[in-house]
Amino acid sequence: MKKYISFSATALALTMMMPGLAQAQSDPDWTAPTAPFRIADNVYYVGTKGIGVYLIAANHQAILLDAGPEAAAPLIEQNIQALGFKLSDIKIIINTHAHLDHAGGIAQLKRDTGAEVYASPGDRWALEHGTHDGDTNYPTGHFPPVHVDHVLKDGETIALGGVRMTATFTPGHTRGCTTWATQVIAPNRVRNVVFPCSLTIGGNILVGNKRYPGIASDYEHSFALTRAMKADIVLTNHPEMADVLDREARAQAGQADAFVDPQQLGRIVTTARAAFDKQRAKEMRRKR
Ligand SMILES: [Zn+2]
């Protein structure tokens, strides 16, 4: 609790110095509890109100995708247990990307579950140093570093029990941003589920990024790659980007296919691409 208070105080102090930072660094929804639920088949939501964290389970073994910010780790552990899983059921922890709102809780979850952490080569350094790897227009903050036990290959499928998750590297937002995919039966047929990595700017400098010079072309590559993916169900690490919690409310109200939306991923890419083009044009004007 002490840590949380000091984090908030720091965030508040920084906000007063730099308006707009709070939005980028912290959001009260990130650490606000929400009840966990089953999305489809063996895929569960165990995140907070503002951060999507997903559990993909096979019998008594499970993969955890992301772990929220450091302060949300206890909430995520409670959510996992509320669904009837033991923390020790989690054997592998994977990550969409090494930012404090999605990776800050991994160190605690790793400690409490005994799971191994699998990550892309591009995000390994950031995870092991607990900070963003690249030039940004605001301080991106620090999170508890965590050792990476297994470095993924692009296109690698990890299998645990009956669960298979495939990694596709979609860099830009971070160097090792990873989009995950699996298949579920829902309702009554096979559906592709995609967990996209973030495609937003996130404070990244797009033109003249000294630490990450290839950032703009990486984004462009990832827009194309993500747009080409076939996704019946899209589960985002910021739930509002795919209306994940609203869809759950509709599912509760009886809509059997509330999570099925093959156009969702394309809409996310279109929005992100427009923001990217605008930001890059602005930075290029400033350079001249
Ligand atoms: Zn991020």
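## A turn, two sheets and a core

N59 sits in the loop between strand 3 and strand 4. The model is a predicted one. In it, the phi of N59 is near 50°, a positive value in a residue other than glycine. Is N59 buried or exposed? N59 has 11 other C-beta atoms within 10 Å. The cut-off for an exposed residue is 12 or fewer, so N59 counts as exposed.

The strands on either side of N59 make a hairpin, with two residues between them. Strand 3 and strand 4 (residues 61-65) pair over five bridges, in the antiparallel sense. One of the pairs joins A58 to its bridge partner in strand 4, Q61.

D243 can be set beside N59. Its phi is near 55°, again a positive value in a residue other than glycine. D243 lies in the loop between strand 12 (233-234) and helix 8 (244-252). With 17 other C-beta atoms within 10 Å, D243 is partly exposed.

### The first sheet

The hairpin belongs to a wider sheet. Seven strands form this open sheet, in the order 1-2-3-4-5-6-7, and the pairing is mixed. At the edges stand strand 1 (37-40) and strand 7 (150-151), and each pairs on one side only. In general, strands of a sheet pair through backbone hydrogen bonds, either parallel or antiparallel.

Start at strand 1. Three bridges join strand 1 to strand 2 (residues 43-45), and the two run antiparallel. Here A40 has V43 of strand 2 as its bridge partner. Next, strand 2 pairs with strand 3 over three bridges, also in the antiparallel sense. Across that pairing, Y44 stands opposite L55 in strand 3.

The table sets out the antiparallel pairings described in this report.

| Strands paired | Bridges | A facing pair |
|---|---|---|
| Strand 1 and strand 2 | three bridges | A40 and V43 |
| Strand 2 and strand 3 | three bridges | Y44 and L55 |
| Strand 3 and strand 4 | five bridges | A58 and Q61 |
| Strand 9 and strand 10 | four bridges | A167 and W180 |

Why is strand 3 (residues 54-58) largely enclosed by the rest of the structure? Four of its five residues are buried.

### The core

Which residues of the largest nonpolar core touch the most other members? They are Y54, L55, L64 and I93, in a core of 73 residues. Y54 and L55 fall within strand 3, residues 54-58. L64 falls within strand 4, residues 61-65. Leave aside the neighbours of L64 within four places in sequence. L64 is then in contact with L55, I90, I93, L109 and A115.

### The second sheet

Five more strands form an open sheet, in the order 8-9-10-11-12. The pairing is mixed. Strand 8 (157-160) and strand 12 stand at the edges, each with a single partner strand, so one side of each has no neighbour in the sheet. Inside the sheet, strand 9 and strand 10 (residues 178-185) pair in the antiparallel sense over four bridges. The bridge partner of A167 in strand 10 is W180.

### Helix 6

Strand 9 (163-169) also helps to cover a helix. Among the elements over the buried residues of helix 6 are helix 4 (100-103), strand 6 (116-119) and strand 9. Which residues of helix 6 (residues 121-129) are buried? They are G122, D123, A126 and L127. Seen down the helix axis, these buried residues fall within an arc of 105°, so they line one face of helix 6. A general rule fits here: an α-helix has 3.6 residues a turn, so residues three or four places apart point the same way. After helix 6 comes G130, with a positive phi near 65°.

### The whole protein

Now step back. The protein has nine helices and twelve strands. Its radius of gyration is 18 Å, close to the 19 Å that the globule rule gives for 288 residues, so the protein is as compact as a globular protein of that length. The C-alpha atoms fill a box of roughly 55 × 45 × 40 Å, taken along the principal axes.

Buried residues make up 46% of the 288 residues. Of the contacts with a separation of 6 or more, 66% are between residues 24 or more positions apart.

How confident is the prediction, and where is pLDDT under 50? The average pLDDT is 91, and 91% of the residues score at least 70. Over residues 1-24, pLDDT stays under 50. For that stretch the model has 15 contacts beyond four places in sequence.

Note on methods
Residues numbered from 1 in each chain as written. Predicted model: local features only at pLDDT ≥ 70, side-chain atom pairs only at ≥ 80, totals over all residues. Pairing = 2+ DSSP bridges. Core = buried A, V, L, I, M, F, W, Y, C linked by C-beta atoms within 7 Å. Buried ≥ 20, exposed ≤ 12 C-beta atoms within 10 Å, placed from the backbone. Contact = placed C-beta atoms within 7 Å. Arc of directions from axis to C-beta. Rg over C-alpha atoms; globule rule 2.2 N^0.38 Å. pLDDT = per-residue confidence, 0-100.
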